[in-house]
Amino acid sequence: MIGYVTLGTDDLARSAKFYDELLGLLGAKRFMEAATFIAWAVDPAQPSLGVIKPYDGQPATVGNGVMVALTVDSNAMVDAIHRKALELGGKDEGAPGPRGEGGFYAAYFRDLDGHKLNCFCWKPA
């Protein structure tokens, strides 16, 4: 149902470096790029994530309550994504671990522009 998500940035080059490395762990690569926009996907026919300079020319802001969730196939990859985000300068918003009952394992972090992301693996019992 989701085609793509964009996150605003005032520093496209800085954001690009962060996401090149972070999303590279998931096998995602840049598949669209323009002067004000870059998007990554594992497959261009699948949902993608992009960073963009705001169209209205105003400073980028963080949406309160907005979060992008990245799905992976193992708890180890959740750990690796969270660790890489922090190594790249992201901020911890919740260490990797089980959340609730039912096999949901997740970690939370903010990117360099303050956008909140989550990486999760869900393996129901």
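Here is a short conversation about two helices and a pocket in a predicted model.

Me: How do I read the way two helices are arranged, and what is the angle between the axes of α1 and α2?

Reply: Happy to help! Angles over 145 degrees count as roughly antiparallel. Here, the axes of helix α1 (residues 12-24) and helix α2 (residues 75-87) cross at roughly 160 degrees and come within 9 Å. The two helices are therefore roughly antiparallel to each other.

Me: Is the crossing of α1 and α2 left-handed or right-handed?

Reply: α1 passes α2 in a right-handed crossing.

Me: Which residues meet where α1 and α2 touch?

Reply: From α1 come F18, E21 and L22, and they meet I81, K84 and A85 in α2. Sorted by class, this contact has 4 nonpolar and 2 charged residues, with no polar ones.

Me: Now the pocket. How much space lies in the largest pocket, and which residues are closest to its centre?

Reply: The largest pocket holds about 520 Å³ of space. It is lined by 22 residues, and L26, P47, A69, L70 and T71 are the closest to its centre.

Me: Which elements give two or more residues to that lining?

Reply: They are β3 (37-41), β4 (48-52) and β5 (67-71). β5 gives the most, with 5 residues.

Me: How many residues of the lining are nonpolar, polar and charged?

Reply: The lining of the largest pocket has 18 nonpolar residues, 3 polar and 1 charged.

Methods:
Residues numbered from 1 in each chain as written. Predicted model: local features only at pLDDT ≥ 70, side-chain atom pairs only at ≥ 80, totals over all residues. Heavy atoms only, no water. 1 Å grid on protein atoms, 1.4 Å probe; cavity = no way out; pocket = protein on both sides within 12 Å on 5 of 7 lines; lining within 4 Å. Points joined across faces, edges and corners; volume = space filled by probe spheres on them. Helix = DSSP H or I, 4+ residues; strand = E, 2+ residues; numbered from the N terminus. Nonpolar A, V, L, I, M, F, W, Y, C, P; charged D, E, K, R; others polar. Axes fitted to C-alpha atoms, helices over the stretch in contact; angles between N-to-C directions. Parallel < 35°, antiparallel > 145°, perpendicular 65-115°, else oblique. Left-handed = near helix turned anticlockwise from the far one by under 90°. Contact = heavy atoms within 4.5 Å.
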